[in-house]
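Thanks for coming. I will take a few minutes to walk through one structure, and you can follow along on the screen.

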Amino acid sequence: MPAEPAAPPALVEEDPGGRRVRRLLAVLALVAVLPALYLPGLVHDFFDLKIYMRAMEWWAAGNPLYDYSQPDRVQGALYFTYPPFSALLLRPFAMLPLGATITVFTALTAVGVVVTTRWLVGPLIARHHLPRLFTLTVAVLLAFAVESTRETVTFGQINMLLVVLILADLLFAVPRGSRWAGVAVGLATALKIFPGIFIVYLLVTRRWRAAIVASATAAAATLLAAAVAPRDSWRFWTHELWATDRVGRTDYTGNQSLFGLLSRFTVPEKPDRLIWLLLVAAVTVYGLWRAWRAARAGDLLTGLTLTGLVGGLVSPITWTHHIYWFIPAVVIMLDAGLRPDRARPAADDPGPAVRPTRNRWMVVAAVATYLVIAYGVVSFQDWGAGPARIDDPVDVLTRNTYVLLSLLLLVVLPVRPAAGDRVAEAGPHVPRARPPRWIRWRPKTKLASNGQN
């Protein structure tokens, strides 16, 4: 009697306990690396936050708000440069002990990083069926590791508050047609001018009502500050806003804007304003055109990320802690890289369809971008206290890394398929990141196909 063929070996499932151990070790490794990344920034010693608080004390004593200055080794004299509405919100903190204020600001920044990372990564986790808790934990730790977050924490900046307001508005309130759509962007603009680029984005993408609400909110907050502090408000809007030297040297390497790049070529002279304006116009038109196309295709995250990159490039001063927008850019590229391509067989090929492949070059681009922003531009480099003109190709690259990376991302950042296509690829149900509570109660309204609300 012939022997029976041997049965194929049983597949041995991976030990779930071993998988949990490996994930835990990965998380612990990231936690162990974070202190080393933050170590160089400890010399900042919450320098910006201390300027804010001392300026508030100076103001409370009856002095003109924008007369306050503080010496700095690199920048010379630094002044309080935020709009008067920011001063109204900061002034109560001057009544607290400085240590308590530092604790509050650091905690709020940490909460902002966790919340915004959840908003960004939640849909990616669902679409690609990734382990939720592990992926979110790793993503949060990676977000804490990038230079923009480190500089925000160690300087005591308010950037994460602005990011929370912008993302809450443009990812949730505006698409849902909430009656509050535009309010958060308007408040962010009144706090720090830069978010005004997102009002332009709302106009470009024809979200007329949200753009009007954002503009009205910014104006109302500004008028409120003017009613409380009329002289300081008049001085800010007529003079201090236009004095870029109040916030530091434009040629310093930490200024990663187009104007900073040009300044490093011409220092000690100022760059030609006409050349700068032409570059600003070209970048703005191209970047917002791509943002419009992304929004029209239903990719709201790519649209607002491109807009943030444009804002960082065209602003005269863009410190490294301002450029949060590399983080969502990495998420977008990872999402595009993990999404299978619908491969098509050749017309003369009678065989079965080719198995879908993945955009692995996008994953490589995401990893490369992350490594750049984790190492950073200023954290591990001492660029000196004096002006230094760019004089070789290596300097062009190392001293303008974020500028060049922003320009590159304006071109290569992918526009992902519309939400319906992504749902079809991932399965019958793909949960989205939960919006803030103040948006959740509003009945959802469906966007028109052209992206209008």
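I will go from the whole chain to the core, then to a few single residues and the aromatic rings.

Please keep in mind that this is a predicted model. The chain has 453 residues, and 49% of them count as buried. The secondary structure consists of 20 helices and two strands. If we take contacts between residues at least 6 apart in sequence, 74% of them join residues at least 24 apart. The surface comes to about 22500 Å² exposed, with carbon and sulfur atoms supplying 67% of that.

Now the core. In soluble globular proteins, nonpolar side chains tend to be buried together. Here the largest nonpolar core holds 89 residues, and the members that touch the most others are Leu120, Leu167 and Leu170. Which helix gives this core its largest share? That is helix H7, residues 159–173, with eleven residues. A second core, separate from that one, has 22 residues, among them Tyr52, Ala55, Leu90 and Ala229.

Back to Leu120. Setting aside residues up to four places away in sequence, Leu120 touches Leu167, Leu171, Leu301, Tyr324, Ile327, Pro328 and Val331.

Next, two residues that touch each other. Met160 lies in helix H7, and Thr116 lies in helix H4. Are they buried or exposed? Met160 has a relative accessibility of 6%, under the 20% limit, so Met160 counts as buried. Thr116 is at 0%, so Thr116 counts as buried too. Beyond four places in sequence, the contacts of Met160 are Thr109, Gly112, Val113, Thr116, Thr152 and Tyr324. For Thr116, on the same basis, the contacts are Met160, Val163, Val164, Leu167 and Tyr324. Tyr324 therefore appears in both lists. One backbone distance to add: Met160 and Gly112 are 48 residues apart along the chain, yet their C-alpha atoms are separated by 5.6 Å.

Now some backbone details. Most residues other than glycine have a negative phi, and most peptide bonds are trans. Where does this chain have a cis peptide bond? One runs from Val267 to Pro268, with omega near 10 degrees. Pro268 sits in the loop between helix H12 (258–266) and helix H13 (273–296).

As for phi, His129 is not a glycine but has a positive value of about 55 degrees. His129 is in the loop between helix H4 (98–127) and helix H5 (132–145). With a relative accessible area of 58%, His129 is exposed. Arg206 also has a positive phi, near 65 degrees. Arg206 belongs to the loop between helix H9 (196–204) and helix H10 (208–228). Its relative accessible area is 42%, so Arg206 is partly exposed.

Last, the aromatic rings. How many aromatic pairs are there? The count comes to 16. One of them is Phe198 with Trp325, a tilted pair at 5.3 Å centre to centre, with 50 degrees between the planes. Phe198 is in helix H9, while Trp325 is in the loop between helix H14 (300–314) and helix H15 (326–338), so the pair links parts of the chain 127 residues apart. Both Phe198 and Trp325 are buried.

There is also an aromatic cluster made of Tyr52, Tyr66, Phe80, Tyr82, Phe236 and Trp237. Tyr52 came up earlier, as a member of the second core. Finally, Arg91 lies over the face of Trp59, at 4.8 Å from the ring centre.

How values were computed:
Residues numbered from 1 in each chain as written. Predicted model: local features only at pLDDT ≥ 70, side-chain atom pairs only at ≥ 80, totals over all residues. Heavy atoms only, no water. Core = buried A, V, L, I, M, F, W, Y, C linked by side-chain atoms within 4.5 Å. Buried < 20%, exposed > 50% of the residue type's maximum accessible area, 1.4 Å probe, protein only. Helix = DSSP H or I, 4+ residues; strand = E, 2+ residues; numbered from the N terminus. Contact = heavy atoms within 4.5 Å. Areas by Shrake-Rupley, 256 points an atom, 1.4 Å probe, with all protein chains shown as cover. Phe/Tyr/Trp six-rings, centres within 6.5 Å; stacked < 30°, edge-to-face > 60°. Lys NZ or Arg CZ within 6 Å of the ring centre and 35° of its normal.
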